[in-house]
Amino acid sequence: MTETKTHIRTCPLCEATCGLEITTQGRQVIAIRGDEADVFSKGYICPKAYSLKELDADPDRLRQPMIRRGESWQTATWEEAYAEIERGFSQVIDKHGRSALSAYLGNPNVHNLSNTIYSQAVLLAMGSRNIFSASTVDQMPKQVSAAMMFGSGFSIPVPDLERTDYLLLLGANPLVSNGSLMTAPDMRGRIRRLRQRGGKLVVIDPQRTRTADEATEHHFIRPGGDAYFLFALVNVLVEEGLVAPGRLSEHLNGLEQVLELARTFTPERVAPACGIAPEIIRKLARELATAERAAVYGRMGTCTQEFGTIASWLVDVLNVLTGNLDREGGAMFSRAAVAPNTSTATPGKGKGAKFGRWKSRVSGYPEAFGELPVACLAEEIETPGEGQIRALITIAGNPVLSTPNSERLQKALESLEFMVSVDIYLNETSRYANVILPGPSPLERAHYDMSLYRLAVQNVANFSAPMFDRAQGQPDESEIFLRLATILAGQGTKHELASLDENFIRQVIKREEEQAGSVVFGQGVDEIMTALQPRQGSERVLDFYLRTGAYGDAFGANPAGITLATLEANPHGLDFGLLQPRLPEVLRTPSGKIELAPPALVADVARLERGLARAKALEEGFLLVGRRDLRSNNSWMHNLPVLAKGKNRCTLRINPTDAARLNMTEEEIVQVSSRVGQVEVPIEITDSIMPGVVSLPHGWGHKLPGAQLQVASENAGVNSNILADESLLDTLSGNAVLNGITVQVQKIPAKVPAELVTA
Ligand SMILES: Nc1nc2c(c(=O)[nH]1)N[C@H]1C(S)=C(S)[C@@H](COP(=O)(O)OP(=O)(O)OC[C@H]3O[C@@H](n4cnc5c(=O)[nH]c(N)nc54)[C@H](O)[C@@H]3O)O[C@H]1N2
Ligand SMILES: Nc1nc2c(c(=O)[nH]1)N[C@H]1C(S)=C(S)[C@@H](COP(=O)(O)OP(=O)(O)OC[C@H]3O[C@@H](n4cnc5c(=O)[nH]c(N)nc54)[C@H](O)[C@@H]3O)O[C@H]1N2
Ligand code: SF4
Ligand SMILES: [Mo]
């Protein structure tokens, strides 16, 4: 009988970072529970945690590299796969140059330590500006507005949930999503505590979500109307003399300018565009201003829309104007154990961020943080000329299901000369690859949420060592990226891994060691290398970041500080306490001030003005929005029976008045069409959706030829991104508009029987 063991780990599936207690017997997972002793999640988990067992055991999960020859796939050794990749990339580079290369990085990279750290090596070695990621179908607007206001794309304030009295939440459904750009396990518990202490939660959403069900108050908003609504709140604060930034005043630039900009956005003027009555806007503004401690938080719904960056900016403008930024119970900055640039380096000032340093070739969209909008990936592949994309690497991404105008993108992918997918499935996207390189099971790798703890509502750190040994021959993803980088740099496939990894960590150390203000400034790379022995790979890099981070031992200078060993000795996590005020030290703007009126945002207000006229004109058809489901995670977990079972969740929600007007009945299959595509989907009639709005979840549409997803294909659903229009962007951030797309909903036209069709 094999021994039973208990492992304490952090769940790597979403942003909540829940602690798990996993019981195993040999290579078998026996049970998965919440870790009651976890310093952050205290036992909370969601149903997705259980799916880790099936994900680990999924027969469709790839365990060997795959090479495609025409229509058929062959398993290959890692050497064969790398040789094939070297051939493919060299041909493209020889023929078209490096500007023909491109990469797309998907969401799970953020939840994977090796990928977070080492995928950068691939992008650097590629030497092309064609870099795309899921960020531009997600949070890019928030990162852009945060960088413009506070100096870095990671200086995003999070609501201090445990101490706030008033939370105004827009376009987020954390009870289902478990939170985003706000790392906070057990949102239900947190909201209940907020209400128990007499606090209020106000939800603004075109759907009455599960989060809205827990709220004190919920208001429908017309999709895309948030910037108008938020500007009107500012307007009321100004008109009623409620602007009170208090201690923030000394840290502000541009206050008068913002107040002036808000003058024309009166509640009466914006009400038709946001669908919220003027008296409600006034009431909410007053409540927000007079609450002892309040926070405004906006997410997905406020980002993936036409004015996403303006909306994201105004969320924090409101936090400032009400004096709630950076105070307990308001919107605060985390202080993470690993946070290059915002916890270390010179405090209080920085280089800030520049945007639009280059533009996309075809449509001229500006870059943001070195990325181009994924909405323009297809046109960059299709359009001939210097710089046309001819090869693509996807890394943990499924753009065929998750980015706009999927049908156009699929045709584009088919036309590529060479494609590599680093992915654990042969799915809707990777089926276009010539070679697929699978990473290990999530239980076979170390885990530390480098990105997400930077946005946590409590300062915590938690490390998980690999739970199982990797299967024979299976490399860690850090190795896959080092190999790919070496191939892309034109240095072949034969280097010893240890020396590649040593070069990599030496560069990481050098960058930090050269920075004035760093705790290891001038200490010497060799000395630090010795101190990191005998660690390798991502654990060595993590140890370095921890030791040079906010709580680190600074390689001896701070003997009470932490190292990776400290985390290893504390499997339930380290708790550094609730958030503390960080102004002005957290700022990285060149002025050392909060930029309340960044010029690019001020300029974009003219576009918002133009949109107001358009929004007032009554539109034909419906506005389409998305939604998430607790037992789903974007596009890639529908192959796990524990999550896939149950009734069909890929339905079009429609309000009863709309269904009645169109003479539609529950579960009827209807046709939904937009400028770019059309799908057929069953309807679900519910008054939880605003009249004139329909909702369809994304990430479905699995029955595509060539994919190897047995379970998912049995309950395939339809791909909502067939409807998303790739020409609609928030121009400042390049983020796609995925919410508020105009669609027509119709009964399926009766088919004319063949015998009645005359020539
Ligand atoms: N219409 C609409 N579209 C949306 C959204 C929406 O709300 N509405 N949401 C958007 C958002 S927020 C996001 S983040 C994107 C997500 O967009 P993507 O990141 O492109 O899509 P995912 O569904 O997360 O697919 C992840 C891929 O990574 C693979 N994978 C999983 N784990 C690993 C791993 O450990 N290693 C490797 N190498 N591969 C792995 C999976 O097999 C899958 O192919 O979708 C966006 N698309
Ligand atoms: N179960 C589950 N959890 C997930 C994911 C998942 O797919 N499934 N995905 C993960 C990822 S990658 C992310 S980014 C997060 C996202 O997490 P959240 O930001 O919480 O996003 P959603 O749950 O999509 O909620 C967005 C809400 O915005 C509303 N909305 C749509 N348009 C508008 C609008 O114009 N204005 C306003 N105010 N609201 C609007 C929608 O009705 C919806 O309720 O979730 C993560 N967690
Ligand atoms: S909420 Fe997220 S982190 Fe927590 S158990 Fe569920 S999937 Fe895992
Ligand atoms: Mo996301």
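Which element gives the largest share of the shell around ligand 2? It is α5, with three residues. Here is a quick tour of this predicted model, where local features need pLDDT of at least 70, side-chain atom pairs count only at pLDDT 80 or more, and totals for chains, interfaces and linings use all residues. Residues are numbered from 1 along each chain as its sequence is written, chains are lettered from A and ligands numbered from 1 in the order in which they are written, and side-chain values use heavy atoms, with hydrogens and water left out.

**Ligand 2**

- Ligand 2 has 31 residues around it, and D205, G224, D226, D629 and N634 come nearest; a residue is near a molecule if one of its heavy atoms lies within 4 Å of it.
- In the side chain of D226, an N or O atom sits 2.6 Å from a nitrogen atom of ligand 2, while a polar side-chain atom of D205 is 2.6 Å from an oxygen atom of the ligand.
- N173 joins in through its backbone: a polar atom there is 2.9 Å from an oxygen atom of ligand 2. For reference, a polar contact is a pair of N or O atoms within 3.5 Å; within protein, one must be able to donate a hydrogen and the other to accept it, and residues adjacent in sequence count only if both atoms are side-chain atoms.
- On its own ligand 2 exposes 920 Å², and the protein buries 97% of that (accessible areas come from the Shrake-Rupley method with a 1.4 Å probe; for residues, only the protein chains shown count as cover).
- Two elements, α5 (174-177) and α12, give two or more residues to this shell; helices (H or I, at least four residues) and strands (E, at least two) are DSSP runs, numbered from the N terminus.
- Sorted by class, the shell around ligand 2 holds ten nonpolar, 14 polar and seven charged residues. Here Ala, Val, Leu, Ile, Met, Phe, Trp, Tyr, Cys and Pro count as nonpolar, Asp, Glu, Lys and Arg as charged, and the others, Gly among them, as polar.
- Ligand 2 lies between domain 2 (140-345 + 583-601) and domain 4 (617-758), because both give residues to its shell; the domain bounds come from an automatic or database domain assignment.

**Ligand 1**

- Around ligand 1 there are 29 residues, with Y104, N107, D423, N427 and S635 the closest.
- Two side chains put a polar atom by an oxygen atom of ligand 1: S635 at 2.5 Å and D423 at 2.6 Å.
- N721 places a polar side-chain atom 2.9 Å from a nitrogen atom of ligand 1.
- Alone, ligand 1 has 920 Å² of accessible area, and the protein covers 97% of it.
- The shell around ligand 1 splits into twelve nonpolar, twelve polar and five charged residues.

**Salt bridges**

- The whole structure has 54 salt bridges, each one a side-chain nitrogen of Lys or Arg within 4 Å of a carboxyl oxygen of Asp or Glu.
- One of them pairs R27 with E444 (2.8 Å, N to O). R27 is in the loop between β2 (19-25) and β3 (28-34) and E444 in the loop between β17 (435-437) and β18 (458-461), so this pair ties together parts 417 residues apart in sequence.
- R27 is partly exposed at 38% relative accessibility, whereas E444 is buried at 6% (buried means under 20% relative accessible area, exposed over 50%, partly exposed in between, with a 1.4 Å probe and protein chains only).
- D138 and R299 also meet in a salt bridge (2.8 Å, N to O). D138 follows β7 (131-133) in the loop before α4 (140-150), and R299 is in the loop between β13 (294-298) and α12 (300-303), so the pair links parts 161 residues apart in sequence.
- Both ends of that bridge are buried: D138 at 16% relative accessibility and R299 at 3%.
- D629, listed above among the residues nearest ligand 2, forms a salt bridge with R649 (2.9 Å, N to O).
- D629 lies in the loop between β21 (622-625) and α23 (641-644), and R649 in the loop between α23 and β22 (652-654), so their bridge ties together parts 20 residues apart in sequence.
- D629 is partly exposed at 26%, while R649 is buried at 10%.
- Salt bridges with shared partners join R535, E539, D543, R547, D553 and E568 into one network.

**T548**

- T548 sits in the loop between α20 (537-547) and α21 (564-568), and this residue is buried, with a relative accessible area of 3%.
- A polar atom of the T548 side chain is 2.8 Å from the backbone oxygen of F544.
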